[in-house]
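Trainee: I should like to learn how to read a fold from its strands, helices and contacts. May we work through one example together?

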Amino acid sequence: MDGQMADGRLDAVQLGAELGQRATLVQFSSAFCQPCRATRRTLAEVAGMVEGVAHVEIDAEAHLTLVRRLGISRTPTVLVLDASGRVVRRAAGQPRTADVVAALGQAI
């Protein structure tokens with residue numbers, strides 16, 4: 001995956017939002033995706049519990065170039081970025097809170 005971007009990192013320009021100070025939870029969603037709604041709640045809750053963590057939701061249909069570059073094939077897909085924007089974990093489907101917290105542990 002790192003070969004798909006110049007240095008394997010995502011930045012605020014690509015995401016359309018600022019990165020978290022310590023980590024960023026990036027969620028790719030689509031309009032009629034039921035699991036995306038639950039994922040939004042889970043990620044917002046975790047970001048609210050952990051200082052310096054941001055949650056960024058991206059409409060996959062409106063950002064097809066980024067979706068293709070990252071190889072996103074379904075929604076929701078969640079990327080966990082470290083403070084520098086490097087992807088440290090990636091998962092498709094609705095995550096459990098415990099899994100998100102564990103993934104953040106690798107990023108922080």
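Trainee: Leaving aside its neighbours within four places in sequence, with which residues is A91 in contact?

Mentor: Please keep in mind that this is a predicted model. Beyond its neighbours within four places in sequence, A91 is in contact with P76, T77 and V78. A91 itself belongs to strand β4.

Trainee: Is A91 buried, partly exposed or exposed?

Mentor: Burial is judged from relative accessible area: under 20% is buried and over 50% is exposed. A91 has a value of 40%, so it is partly exposed. As for its place relative to L19, which is 72 residues away along the chain, the two C-alpha atoms are separated by 19 Å.

Trainee: What can be said of T77, one of the contacts of A91?

Mentor: T77 is found in strand β3. Its relative accessibility is 3%, and therefore T77 counts as buried. Leaving aside neighbours within four places in sequence, T77 is in contact with V26, Q27, F28, I72, A91 and A92. In addition, a polar atom of the T77 side chain lies 2.6 Å from the backbone oxygen of R74.

Trainee: In what order do the strands form the sheet, and which are at the edges?

Mentor: The general idea comes first. Strands of a sheet pair through backbone hydrogen bonds, in a parallel or an antiparallel manner. Here, four strands form an open sheet in the order β2-β1-β3-β4, with mixed pairing. The edge strands, each pairing on one side only, are β2 (53–59) and β4 (87–92). On average, neighbouring strands of this sheet are turned by 15 degrees against each other, direction ignored.

Trainee: How many bridges join β1 to β2, and how many join β1 to β3?

Mentor: Strands β1 and β2 run parallel and are joined by seven bridges; within this pair, H55 in β2 is the bridge partner of L25. Strand β1 (residues 23–29) pairs with strand β3 (residues 77–82) in the antiparallel sense, over six bridges. There, V26 stands opposite L79 in β3.

Trainee: Why is β1 described as largely enclosed by the rest of the structure?

Mentor: In a regular strand, side chains alternate between the two faces of the sheet. For β1, seven of the seven residues are buried, so the strand is largely enclosed by the rest of the structure. Both faces are covered: A23, L25, Q27 and S29 are buried on one side, and T24, V26 and F28 are buried on the other.

Trainee: Which helices lie on this sheet?

Mentor: Helix α2 (residues 34–49) lies across β1, β2 and β3, and runs at about 170 degrees to β1. Helix α4 (residues 97–107) also packs on the sheet, where α4 touches β1, β2, β3 and β4; its direction makes about 30 degrees with that of β3. A102 lies in α4 and is partly exposed, because its relative accessible area is 47%.

Trainee: Which residues of α2 are buried, and against what do they pack?

Mentor: The buried residues of α2 are C36, A38, T39, T42, L43, V46 and A47. Since they cover an arc of only 165 degrees around the axis, they are on the same side of α2. They pack against β1, β2, β3 and α4. On the other side of α2, Q34, R41 and G48 are exposed.

Trainee: How does the span of α2 agree with its number of residues?

Mentor: At 1.5 Å a residue, the 16 residues of α2 should span 22 Å; the end C-alpha atoms are 24 Å apart, which agrees.

Definitions and conventions: Residues are numbered from 1 along each chain as its sequence is written. This is a predicted model: local features need pLDDT of at least 70, side-chain atom pairs count only at pLDDT 80 or more; totals for chains, interfaces and linings use all residues. Side-chain values use heavy atoms; hydrogens and water are left out. Two strands pair if DSSP finds at least two bridges between them. Helices (H or I, at least four residues) and strands (E, at least two) are DSSP runs, numbered from the N terminus. Axes are lines fitted to C-alpha atoms, for helices over the stretch in contact, and angles run from 0 to 180 degrees between N-to-C directions. Contact means heavy atoms within 4.5 Å. Buried means under 20% relative accessible area, exposed over 50%, partly exposed in between (1.4 Å probe, protein chains only). A polar contact is a pair of N or O atoms within 3.5 Å; within protein, one must be able to donate a hydrogen and the other to accept it, and residues adjacent in sequence count only if both atoms are side-chain atoms. The expected span of a helix is 1.5 Å times one less than its number of residues. The arc is that of the directions from the helix axis to the C-beta atoms.
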